[in-house]
Amino acid sequence: MKKECKDFSESKINQYIDGELDDEKRDLLEQHLSQCEYCRSYAEDLKNTLSFISIKHQPEVPRSVWNKIKEATAEKEPFFRLVPGMAFVSAVLILMIIAIYPSYISKKEYSNGISEYIESEISYLHEDTLINEWYLQEEEGEEINIDSYLIEEL
Amino acid sequence: MIQRDIIERAKEKDEEAMEEIYLEFKDFVWNIALKTAGSRTAAEDAAAETFIRVFKKIGKFNFKSSFKTWLYRVTVNTTLNCMDKERRRKTLHLNEEYRDIQAEGSAPQDDGRDNEMVNKMLDKLEPKERIFVYLRDIQGTAYNEIADIMKMNIGTVKTNIYRAREKLRKIYKEEFPNEERM
C-alpha cells in the first residue's frame with residue numbers, strides 16, 4: 001500500500017491536470033511527482049479517469065424532441081387565440097346575470113306576496129265581522145256595532 | 001456560434017431561426033438531459049422542455065451575457081427541475097422505475113461498451129455532480145463560464161468539480177482494478 005504523502009494536494013493536482021499552474025508551480029509539482037509514488041499514482045488515476053469519460057460520443061437526438069418543441073411553440077390561429085378571452089367574458093356576464101336576476105325576481109314576488117297577504121287578511125277580517133252570531137257584550141246597555149268597529153280598526 | 005440576427009428573429013417567433021438555434025445546441029442539451037435523467041423518456045421531456053423555455057423566454061434575453069451561457073443555464077435549471085419531478089413521480093411508482101431502468105438500462109443507448117461504462121460511472125454521481133463533470137470534463141467548458149451558468153463563484157465550482165472527479169476516480173479504480181500505471 002502506498003504511503004500517503006504529507007505534501008499531497010488534491011487541488012494542486014487537479015489544477016496541474018487542467019493546465020492551470022504557472023510554469024514555476026508546474027515544474028515544482030512535476031519534480032515532486034517524479035519522486036512521490038503516492039501523488040504520481042493519484043495523478044495518473046485521475047488523468048486516466050478523465051480521459052476515459054471524455055470519450056467524444058454524441059448520441060443521436062431523437063426526432064421526438066423536435067416534434068414536442070414544435071407542438072408546444074406552434075402559433076395558434078388568431079380566432080383561436082380570441083376564443084379563450086371571449087369565453088371568459090361570456091362566463092363573467094352570465095354569472096353576473098345569474099347573481100342579479102334572482103334578487104330582482106324575488107323582490108317583485110316579495111312585494112306581490114305582501115300585497116296579496118294584506119288583501120287576504122283584510123277580506124278575512126271583513127268576513128269575520130259579518131258573522132251574525134258574534135256580538136260584543138253590552139256596556140251600559142249599549143249594543144256595539146261590530147261591523148263598523150272592526151272595519152274602522154283595519 | 002449563433003449570430004445575433006438569428007436570436008433577434010427567434011424573438012419574433014421566426015420558425016427558421018428557432019430551428020437554427022435548436023440545431024446548434026441540440027447535442028449539448030440532449031447530452032445533459034441524457035446524463036442527468038433517470039430514463040430516456042425523461043431525457044426527451046427534459047430536452048424538449050429546455051428548448052420550449054428557451055423560446056418562451058428568448059424575448060427577455062438582452063445580450064448582457066453570451067447566448068450560449070444563457071442557454072446552458074436554462075438547460076441546467078430545466079434538467080434539474082425535470083429530474084426532481086421525475087424523482088417524486090418515481091417514489092410513488094417504484095415498480096415503474098424498476099421496469100424503466102431494466103428496459104432502458106443506465107445506458108440509454110446501446111452502442112459501445114465504453115459509453116455504457118461511462119454512463120454507468122456517471123450514474124453513480126448526484127445529478128448536479130454529473131452536470132459539473134459533463135460541462136468541464138466532457139464538454140470542455142471553461143471554469144468561469146461554468147461559474148456563470150451555475151451562478152456560483154469559481155472557487156465553489158472548482159471544489160464541486162474536484163469532488164466529483166475524486167468520486168469518479170474511485171469508481172474507475174473499482175471498475176478497472178488492473179489498469180496499468182506508469
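## Surface patch, core and chain contacts

Phe88(A), Val89(A), Val92(A), Leu93(A), Met96(A) and Ile100(A) together form a nonpolar surface patch of about 580 Å². The model described here is predicted. One of the patch residues, Val89(A), belongs to helix α5 of chain A, which covers residues 78-129. Val89(A) counts as partly exposed because its relative accessibility is 46%, and partly exposed lies between the 20% limit for buried and the 50% limit for exposed.

Turning to the interior, the largest nonpolar core contains 78 residues. Ile69(A), Ile21(B), Phe25(B) and Phe67(B) have the most contacts inside this core. Its biggest contribution, 11 residues, comes from helix α2 of chain B (residues 15-36). Leaving aside residues up to four places away in sequence, Phe25(B) touches Ile2(B), Phe51(B), Phe67(B), Lys68(B), Leu71(B) and Tyr72(B). Phe67(B) is thus named twice: among the core residues with the most contacts and among the residues touched by Phe25(B).

The two chains also meet each other, and the size of an interface is often given as the accessible area lost when the parts come together. The values for chain B and chain A are set out below.

| Item, chain B with chain A | Value |
|---|---|
| Residues of chain B in contact with chain A | 43 residues |
| Residues of chain A in contact with chain B | 35 residues |
| Area buried between chain B and chain A | about 3,600 Å² |
| Part of that area from carbon and sulfur atoms | 61% |
| Salt bridges between chain B and chain A | seven salt bridges |

One salt bridge joins the side chains of Lys158(B) and Glu20(A), with an N to O distance of 2.9 Å.

Methods: Residues are numbered from 1 along each chain as its sequence is written. Chains are lettered from A and ligands numbered from 1 in the order in which they are written. This is a predicted model: local features need pLDDT of at least 70, side-chain atom pairs count only at pLDDT 80 or more; totals for chains, interfaces and linings use all residues. Side-chain values use heavy atoms; hydrogens and water are left out. Patches are made of residues with over 30% relative accessible area and no salt bridge: like charges are joined within 9 Å, nonpolar side chains (Val, Leu, Ile, Met, Phe, Trp, Tyr) within 5 Å. Accessible areas come from the Shrake-Rupley method with a 1.4 Å probe; for residues, only the protein chains shown count as cover. A salt bridge is a side-chain nitrogen of Lys or Arg within 4 Å of a carboxyl oxygen of Asp or Glu. Helices (H or I, at least four residues) and strands (E, at least two) are DSSP runs, numbered from the N terminus. Buried means under 20% relative accessible area, exposed over 50%, partly exposed in between (1.4 Å probe, protein chains only). A nonpolar core is a set of buried Ala, Val, Leu, Ile, Met, Phe, Trp, Tyr and Cys residues joined through side-chain atoms within 4.5 Å. Contact means heavy atoms within 4.5 Å. Buried area is the accessible area (1.4 Å probe) that two parts lose on being put together, summed over both.
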